[in-house]
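Colleague: I am new to reading protein models with a bound molecule. Could you take me through this one step by step?

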Amino acid sequence: MKPQLRSLLGIEQLTTAQIESILALARRMDPSRPSQLLRGKRVALLFYESSTRTRTSFEFAAKTLGATTTLVTPVSSSIEKGESLIDTGWTVANLGADAIVMRHANSGAAYLLARYVRVPIVNAGDGMHQHPSQALLDALTITNHKKRLQGLRVVIVGDVYHSRVARSNAQLLSRFGADIVFCGAPDFVPEISASLAPGVAACHDLNAALQGADVVMALRVQKERLAGKDISVEDYIANYQVTPQRMKLAKPDAILMHPGPVIRGMELTSEVADGPQSCIHEQVRNGVKTRMAILAMLLGAAR
Ligand code: NCD
């Protein structure tokens, strides 16, 4: 029996079988070959927060499968006039959306909408909470390079505390037996972050964390977030920037990942971002495949 999925809200709600079937379907998707799998379906992209990769890839994914899309953002919609999230969701659903892909600055926003609106909701990032499609595309990318997730050492470095990407990835990868090391300054990696899932550890020493790493995942670090913290921008760079020298501490075949947007010279150097171990472009490409699979599955068109 095919595992049925109504909405994609977070990694925790997915069964292991559902994760595996989304990844298997994503591997079979070909963004260069338009199809009619979702012909006649309407996908609304409700983006309360800015986005380049996620929004564009959901849009291309939907259109490649023959669906139509419409973008709703706070500017130039009734959101600007003060309409609530639920009223906007109802409106978009009543207008005929078959699915709503939603990004919102508040943690839990997608879960809330899913309780009120009858169409499938895809969480494209809710506050500091979850970004499930990113974790799925990251898992797809890792499994393109590594035989299995089981036993991999995955170092996630940067502003883990604010990162929905870190949370979703740690939950997904640890489910498959990967060891996750959250690394960063104590303000960005509080000790409690290790309690997120079994197999997750917290570390404040990047050089130690990188020893034997199979995957190095850098996260965006906003300079503004360092204001008032115990660490300056200069100290952050000195201690946590991913540099070619630091990459040498990881396994020789380690891959380097970043969900974007990359702030060059902050969380990593251009040599690393553009270097031979970097999978950043591949992650972006896998985003389209993965989101094609997610939409096909939620809209009941997956074979
Ligand atoms: C991330 C996000 O918005 O959560 N970007 C993305 O979707 N690829 C990461 C970030 O903004 O730092």
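What follows is a conversation about the domains and the ligand of this predicted model.

Colleague: How is the protein chain divided into domains?

Modeller: The chain is divided into domain 1, which covers 11-131 + 286-298, and domain 2, which covers 132-283. Taken over C-alpha atoms, the centres of domain 1 and domain 2 are separated by 26 Å, and the contact between them takes 29 residues from domain 1 and 27 residues from domain 2.

Colleague: Where does the ligand sit, and which residues are around the ligand?

Modeller: The ligand sits in the largest pocket, and the residues around the ligand are Thr54, Arg103, His131, Gln134, Arg164, Val165, Arg220, Pro259, Gly260 and Pro261. This shell divides into three nonpolar, four polar and three charged residues, and at least three of its residues come from each of domain 1 and domain 2.

Colleague: Which atoms of the ligand should I look at for polar contacts with His131, Arg220 and Pro259?

Modeller: A polar contact is a pair of N or O atoms within 3.5 Å, and with that cut-off in mind you can look at the side chain of His131, where an N or O atom is 2.7 Å from an oxygen atom of the ligand. An oxygen atom of the ligand also lies 2.8 Å from a polar side-chain atom of Arg220, whereas at Pro259 a polar backbone atom is 2.8 Å from a nitrogen atom of the ligand.

Colleague: How much of the accessible area of the ligand does the protein cover?

Modeller: On its own the ligand has 320 Å² of accessible area, and the protein covers 88% of this.

Note on methods: Residues numbered from 1 in each chain as written. Predicted model: local features only at pLDDT ≥ 70, side-chain atom pairs only at ≥ 80, totals over all residues. Heavy atoms only, no water. Near = heavy atom within 4 Å. Polar contact = N/O pair within 3.5 Å; in protein donor to acceptor, adjacent residues only side chain to side chain. Areas by Shrake-Rupley, 256 points an atom, 1.4 Å probe, with all protein chains shown as cover. 1 Å grid on protein atoms, 1.4 Å probe; cavity = no way out; pocket = protein on both sides within 12 Å on 5 of 7 lines; lining within 4 Å. Sits in = over half its atoms within 2 Å of the grid points. Nonpolar A, V, L, I, M, F, W, Y, C, P; charged D, E, K, R; others polar. Domains from an automatic or database assignment. Contact = heavy atoms within 4.5 Å.
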